[in-house]
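Biologist: I should like to learn how the features of a structural model are read. Please take me through one example.

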Amino acid sequence: MAKLSRLILVTADHHPLHKYFKEIAEELSKKYGVPLEVRMEDYLFLIQYGDTDEFGMAWVPQLLAQLDTGEIVKVLTKPVLDSMGNISKENDLRESTRNIERAIGSS
């Protein structure tokens, strides 16, 4: 079973969701007791490890995690909207935790 080594937030200061994703990343960092690395506009990293569109282009912000095996996994690549189409921190934390637990449980 793999362990979580660190969280990696790839973002941009000017992006409207920058503070929101950073807040989620910081909460998860505290919850799991791992460091948070913040990368600014590292699109090459996201193209390799994050989500991309149909043209192979990445977007920010995206939250990923590195396991002690060296594997990089996606934690939260876009907000999970509620039934009214609004951003939901509760949904995003739940989805992020689910993705982390799945990654550390399956490795």
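Biologist: How many bridges join E3 to E4, and do these strands run parallel or antiparallel?

Modeller: First, the conventions: this is a predicted model, in which local features need pLDDT of at least 70 and side-chain atom pairs count only at pLDDT 80 or more, while totals for chains, interfaces and linings use all residues. Residues are numbered from 1 along each chain as its sequence is written, and side-chain values use heavy atoms, with hydrogens and water left out. Helices (H or I, at least four residues) and strands (E, at least two) are DSSP runs, numbered from the N terminus. Two strands pair if DSSP finds at least two bridges between them. Here, E3 and E4 are antiparallel and joined by four bridges. One of the bridge partnerships links Ala65 with Val73 in E4. The hairpin of E3 and E4 has four residues between the strands, and Gly70 takes a positive phi near 95° there.

Biologist: In what order do the strands of the sheet lie?

Modeller: The order is E2-E1-E3-E4, in an open sheet of four strands with mixed pairing. Strand E2 (36–40) and strand E4 (72–76) each have a single partner strand and stand at the edges, so one side of each lacks a neighbour in the sheet. Angles run from 0 to 180 degrees between N-to-C directions, and axes are lines fitted to C-alpha atoms, for helices over the stretch in contact. With direction ignored, neighbouring strands are turned by 30° against each other on average.

Biologist: How many bridges join E1 to E3?

Modeller: Six bridges join strand E1 (residues 4–11) to strand E3 (residues 62–67), and the two run antiparallel. Among the partnerships, Arg6 is matched with Gln66 in E3, and Leu4 with Leu67.

Biologist: Which strands does helix H1 touch?

Modeller: Contact means heavy atoms within 4.5 Å. Helix H1 (residues 18–32) packs on the sheet and touches E1, E2, E3 and E4, its direction making about 175° with that of E1. The expected span of a helix is 1.5 Å times one less than its number of residues. H1, with 15 residues, reaches 21 Å from its first C-alpha to its last, close to the expected 21 Å. Gly33, with a positive phi near 65°, follows H1.

Biologist: Which residues of H1 are buried?

Modeller: Buried means under 20% relative accessible area, exposed over 50%, and partly exposed in between (1.4 Å probe, protein chains only). In H1, the buried residues are His18, Tyr20, Phe21, Ile24, Ala25, Leu28 and Ser29. In E3, six of the six residues are buried, so the strand is largely enclosed by the rest of the structure. Both faces of E3 are covered, with Gln62, Leu64 and Gln66 buried on one side and Leu63, Ala65 and Leu67 buried on the other.

Biologist: How many aromatic pairs does a search of the whole structure find?

Modeller: A pair of aromatic rings is described by the distance of the centres and the angle of the planes. Rings of Phe, Tyr and Trp (its six-membered ring) pair if their centres lie within 6.5 Å; planes under 30 degrees apart count as stacked, over 60 as edge-to-face and the rest as tilted. The search finds two pairs. Tyr20 and Phe21 have ring centres 6.2 Å apart and planes at 70°, so this pair is edge-to-face. Phe45 and Tyr49 form a tilted pair, 5.0 Å centre to centre with 50° between the planes. Both lie in helix H2, four residues apart, about one turn of the helix. Phe45 is buried at 9% relative accessibility, whereas Tyr49 is partly exposed at 31%.

Biologist: Where is Trp59 found, and which backbone oxygen does its side chain reach?

Modeller: Trp59 is in the loop between helix H2 (43–49) and E3. A polar contact is a pair of N or O atoms within 3.5 Å; within protein, one must be able to donate a hydrogen and the other to accept it, and residues adjacent in sequence count only if both atoms are side-chain atoms. The Trp59 side chain reaches the backbone oxygen of Thr77 at 2.8 Å. Trp59 is partly exposed, at 27% relative accessible area. The loop between H2 and E3 also holds Pro61, and the peptide bond from Val60 to Pro61 is cis, with omega near -5°.
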